[in-house]
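Subject: Structure handover

Hello,

Here is the structure you asked about. Please open it alongside this note. My findings follow below it.

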Amino acid sequence: MEEELLVTVVDRAVASKDQDAFHDVVINGLRIISLTPRRILHELPPKVYYAKDLPHALQDSMNRLDRDHRNSEMARSVFEAFIFENTCEDEPEAPRIHIINDIDDEATPAWEFHYSNQLWHGENVPPPDLTNLLGCGCRGHCDPRSKTCLCLKRQQEYSGEVSGFIYDDRGRLKEEGYPIFECNDLCGCLEDCRNRVVQRGRKHMVNIRKTKDKGWGVFAGSKKIPKGSFIGIYAGELLTDSEGDERGIKYNKFGRTYLFDLDFYYLQQGGPKAQVPSGSQPAEEWEPKFVVDAYHAGNFTRFLNHSCDPNCSMNACYINEANLEKPLLTLFTTRDVLPYEEVTFSYSGAPDDEDEPVVKDRDAVYAACKCGAPNCRGQMFR
C-alpha cells in the first residue's frame, strides 16, 4: 500500500525531458511518477506575488475617514489586526505587534502601504529561479559535520571561515556579513532543521512605537533579544534598478526613502569571498540589477531607524531562489538588544568611512542624523 501511494501511473505521452528531470521510471511503456521534492516543487511552487496586484482597499477606506477617526483607538486596533491578518500564515508563532504612541495623538503610521512579509515582483522582474535550485538529500536534521550536505557545502563556499552552518544550534547567526543559504523546498531534511531560520519567521517580540525626533521606530518588547537573532525580512516591492533610480529621485526630494540596492560584496566581486583575491576591488562596470522598495508594501522593518551604532545588520539570504542577484534582505541582531530598546541598523552599511565629511545642500533625504550615538557621523546616508 505504501508503494502504491508513492507512485501514480500516467499516460505515456509525457515529455521525455520531464522524465529525466523528475527521475520517473518507464516500465512496459507506462511511466511511474516519482514524488520527489523537485516534482512536488514543480507541481506546487511557492506563490509569486506581483506588485501590480498589491491590495489597497483598506488603505483607501481609512484615508477617506476624517482625522479624528484615523487617530482613534479603533484605527489603532484595525492597524494591529491588519498586521496580524497579513502575516499569521507565514509566521504563525510570531508574537503580536502593537502600535504604541505616547508622544502625540497620531494613532497609527500613515495608511500608505500594504503590510506584508513578501517580496512583490515589479515589472520586468523575473519570478524566483526554481529550475536551477539545488537542495540537499539529508534525512532528519542536517549535520554541520556532514561531508555530503549540498546546502552546507554551498554555505562553506561563502563563509569558509565559519565552521559548520552559519547558524548555531539555537538558530542564531554566528557571523554577520556572509550570504546565508538556508535549506529549501528541494531538501530532504525536516522543517525544524537547524538550517531553516528565516523561513520559520520571527520569534521575538517587537513593537512599532512613535519617537520624539525620528518618527515611528521599532522597539524590543519586554524580553531581551539575544545576539544573532533573526528579526525580520525587509519586505516590499522587488524592482529593477532602473525603476528604483526613478523612484529614488522623487523620494530624495521629499526626504523619505525605503529603497535598498541588492549590491552585496560577493555580487560585486563575482563570487564567494573565499575565491576572491585579497584586496580585490569590485568591477567598475558592475551595477546592481534589483532593489527593494518598502514604500508601497512592507512590514515593521520599514520603520527601523538608522543608527551610527546599530544593533542589527542586513544580511543576504537565499531559500527558494537560485538567482544570486535576488536575495532576501534579512535583519539579525549584532549584539543583545535590551528590553524596550530601539532596534536599529545602519542605512549606509558598515561604518568604514567614519572620516567622510558631511555634505551640505543636498536633497531632503540627506537630513542630519538624530540617532544620538556617541560615534554619530551626522548623516544617515553617504
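First, a term for what follows: two strands pair if DSSP finds at least two bridges between them. Helices (H or I, at least four residues) and strands (E, at least two) are DSSP runs, numbered from the N terminus.

Some ground rules. This is a predicted model, where local features need pLDDT of at least 70 and side-chain atom pairs count only at pLDDT 80 or more, while totals for chains, interfaces and linings use all residues. Residues are numbered from 1 along each chain as its sequence is written, and side-chain values use heavy atoms, with hydrogens and water left out.

The five-stranded sheet

One open sheet has five strands, in the order β4-β7-β12-β14-β13, with mixed pairing. Its edge strands are β4 (49–50) and β13, each pairing on one side only. β13 and β14 are antiparallel and share three bridges. F260 has V292 in β14 as its bridge partner.

Helix α8 lies across β12, β13 and β14. It runs at about 115° to β12. (Axes are lines fitted to C-alpha atoms, for helices over the stretch in contact; angles run from 0 to 180 degrees between N-to-C directions.) The helix covers residues 241–254. Its 14 residues should span 20 Å at 1.5 Å a residue, and the end C-alpha atoms are indeed 20 Å apart. The expected span is 1.5 Å times one less than the number of residues.

Which residues of α8 are buried? They are D241, G244, R247, G248, Y251 and N252. Buried means under 20% relative accessible area, exposed over 50%, and partly exposed in between (1.4 Å probe, protein chains only). An α-helix has 3.6 residues a turn, so residues three or four places apart point the same way. The cover over the buried residues of α8 includes β12 (236–240), β13 and β14 (290–293). After α8 comes G255, with a positive phi near 85°.

D263 sits in the loop between β13 (259–261) and α9 (265–269). D263 is partly exposed, at 33% relative accessible area. Its contacts (heavy atoms within 4.5 Å) are Q268, W286 and P288, not counting residues up to four places away in sequence. D263 and P288 are 25 residues apart along the chain, yet their C-alpha atoms are separated by 5.3 Å.

The four-stranded sheet and the hairpin

Another open sheet has four strands, ordered β8-β17-β18-β11, again with mixed pairing. β8 (180–181) and β11 (230–233) are the edge strands, each paired on one side only. β8 runs parallel to β17 over two bridges. There, F181 stands opposite Y318.

Strand β9 (residues 206–210) is mostly covered, with four of its five residues buried. Two bridges join β9 to β5 (residues 99–100), and the two run parallel. I100 has R209 as its bridge partner. β9 also pairs with β10 (residues 216–220), in the antiparallel sense, over five bridges. K210 stands opposite W216 there. β9 and β10 form a hairpin with five residues between them. G215, in the turn, has a positive phi of about 70°.

The cores

A nonpolar core is a set of buried Ala, Val, Leu, Ile, Met, Phe, Trp, Tyr and Cys residues joined through side-chain atoms within 4.5 Å. The largest one has 64 residues. Y167, V198, I208, Y234, F300 and L329 touch the most other members. Strand β17 (residues 312–318) gives the most to this core, with five residues. A second, separate core has eleven residues, including C138, F165, C183 and C189.

Q59 is in helix α4 (residues 57–64). It is buried, at 7% relative accessible area. Leaving aside neighbours within four places in sequence, Q59 contacts F82, W111, F113 and H114.

Cysteines

How many disulfides does the whole structure hold? The search finds zero. The cut-off is a pair of cysteine sulfur atoms within 2.5 Å. The C151 sulfur has its closest cysteine sulfur in C187, at 3.5 Å, so it is too far for a bond. C183 has its closest cysteine sulfur in C142, at 3.7 Å, also too far for a bond. C151 is buried at 6% relative accessibility, and C183 is buried at 0%.

Best wishes
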